[in-house]
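Open the model in your viewer and keep the selection panel at hand. The tour goes from one selection to the next and says what is there.

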Amino acid sequence: MFKSNPHHISHPVVSVIGAGNVGSTLAQRIVEKNLADVILLDVVASRSQGVALDLMQARALENHDRQIIGTDDYTHTKDSDVIVITAGVPRKDGMSRDDLLKINAKIVSEVTLRAISHSPNAVIIVVTNPLDVMTYLTWEISGFATNKVMGMAGVLDASRFQAFIAMELGTSTADINAMVMGGHGDLMVPLPRYSTVSGVPITELMSADAIARLVDRTRNGGAEIVKLLQTGSAYFAPASAAYLMVESILRNRRRIIPAAAYLQGEYGLEGLFMGVPVQLGQEGVDMVVELGLSPEELEALHTSATSVRANIQRLKAIHER
Ligand code: TXD
C-alpha cells in the first residue's frame, strides 16, 4: 500500500559539508524548522551517517518530514540550492596560524571543487576559519560570481553583541539590533551608533565605559566560549547564524545582515572578502549596504581589512612554496 522510498529528497536542498559541531547543529535547525532537506557530508562517513540517523529518529517527535542523509559521497549533494562549508580542523596546541591556514585551505579547496562539480548553481556559505580568507579561497577556486559566495561571521558577532546589550540593559533581545563589521577576528568593528534598542542607538542608553566593555566582550566572544567549553568552540549560536543566512537565501527574504562579502570599492576597499552589511536573497548577495561611517569607524574597518589582506597574502605565499 505504501511505497518505500527512504531517500526521497525534495527541494530545496542544503548540503552541509562537515558534520562536526556546527554542521550537525545547523542540519538540525534546518530540518526541524522545516526549511529544507539536508545532505550532511563528512570525510568520516560514519559520523555524518550517525548524526543523520539520530536526526531522522527525532523526526517523529519533532513532527517534520524533512530528509537528512549522512554521507561521504558528493554525488548525494547533486543540485543543492545552498552549500554550507564547515569542514576543517581546529587549531591545536603547537600549531601555528600558518599551519592551520594551510590545512584548512587544503580541506576547503578540495571540498569546494567536489561540491560545485555536482551543484554548479548553488550559493555557497563558508563557515570554516580563518573565515575571511577561506571565503576568498572558496570564491577564487570555484570561479563563481561574487554574489554566490559569502562567509558567515558578522551575523554571529552581531548576535553576540545583541546578547551582551540585552544582558546589560535587562531588555528583550527581540528589540535589539546590532551591527558588527570587519574581519572575523580581534580587529572586528562593532558599531555602537548602528546598534539600537527599538531604534534608539545604545550610545544614548549606556555610558561610554559600558559600551567599551561590551564591544570588547563581543570581540573576544569566541575565545570566551572556547575557554569555558575547554574542548571545541561555540556551535549553537554559529549554527543559528548560518541558519539565518540560509533561510534568507532560500525564502528570498532579503534580510540585511553582516556577512563576509566581496568588496569592489565599497567603504574604499576592493579585492577582498570581509564583513559588511549585505542584502541576502535567492541569488545570494543582492547588494552590499554602505553605511555612513565616521572617520574613526572607517579607520578601524581599514585596519581590520589590512589584517584580512595579510592573511590572503600568507595563503598565496603558502601556495607558491
Ligand atoms: O563565525 C564563524 N565563522 C565560526 C567559524 C563560528 C564557529 C566555528 N567556526 C569554524 O567552523 C571553526 O573554527 C571550524 O573551522 C569550523 C567548524 O567548526 P566545528 O566546531 O563544527 O568543528 P568540528 O566539530 O571540528 O567539525 C569539523 C568537521 C569534522 O567532523 C571533520 O571530520 C570534518 O569537519 N572534516 C571534513 N569534512 C569533509 N571533508 C573534509 N576534507 C574534512 N576535513 C574535516
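**Helix H1 and the residue after it**

Start at Asn-34, just after H1, where phi is positive at about 60°. The coordinates come from a predicted model.

Next select H1 itself, residues 21-32. The helix has 12 residues and reaches 16 Å from its first C-alpha to its last, close to the 16 Å expected at 1.5 Å a residue. Of these 12 residues, 9 are buried, so H1 is largely enclosed by the rest of the structure. To display them, pick Val-22, Gly-23, Ser-24, Thr-25, Leu-26, Ala-27, Arg-29, Ile-30 and Val-31. Then add what they pack against: strands E1 (13-17), E2 (37-41), E3 (68-71) and E4, together with helices H2 (45-57) and H9 (236-250).

**The two domains**

Colour residues 13-151 as domain 1 and residues 154-320 as domain 2, following the domain assignment. The contact between them takes 37 residues from domain 1 and 39 residues from domain 2. Their C-alpha centres lie 21 Å apart.

How much area do domain 1 and domain 2 bury between them? The figure is about 3300 Å², with 71% of it on carbon and sulfur atoms. Select Leu-35, Asp-132 and Tyr-136 next: these supply 20% of the area that domain 1 buries against domain 2, more than any other three residues.

For polar links, the count between the domains is 8 residue pairs in polar contact, both residues at pLDDT 80 or more. On the side of domain 1 that touches domain 2, the elements giving two or more residues are helices H1, H4 and H5 and strands E4 (82-85), E5 (123-126) and E6 (149-151). H5 gives the largest share of that side, 8 residues.

The count of salt bridges between the domains is 1. Show Glu-283 and Lys-148 as sticks: they form a salt bridge whose closest N and O atoms are 3.5 Å apart.

**Helix H10**

Finish with residues 295-320, helix H10. At 1.5 Å a residue its 26 residues should span 38 Å, and the end C-alpha atoms are 37 Å apart, which agrees. Which residues of H10 are buried? Select Glu-297, Leu-301, Ser-304, Ala-305, Val-308, Asn-311, Ile-312, Leu-315 and Ile-318. Around the buried residues of H10, display their packing partners: helices H4 (97-118) and H5 (131-142), and strands E8 (180-181), E9 (189-190) and E13 (270-281).

Note on methods. Residues are numbered from 1 along each chain as its sequence is written. This is a predicted model: local features need pLDDT of at least 70, side-chain atom pairs count only at pLDDT 80 or more; totals for chains, interfaces and linings use all residues. Side-chain values use heavy atoms; hydrogens and water are left out. Helices (H or I, at least four residues) and strands (E, at least two) are DSSP runs, numbered from the N terminus. The expected span of a helix is 1.5 Å times one less than its number of residues. Buried means under 20% relative accessible area, exposed over 50%, partly exposed in between (1.4 Å probe, protein chains only). Contact means heavy atoms within 4.5 Å. Domain bounds come from an automatic or database domain assignment. Buried area is the accessible area (1.4 Å probe) that two parts lose on being put together, summed over both. A salt bridge is a side-chain nitrogen of Lys or Arg within 4 Å of a carboxyl oxygen of Asp or Glu. A polar contact is a pair of N or O atoms within 3.5 Å; within protein, one must be able to donate a hydrogen and the other to accept it, and residues adjacent in sequence count only if both atoms are side-chain atoms.
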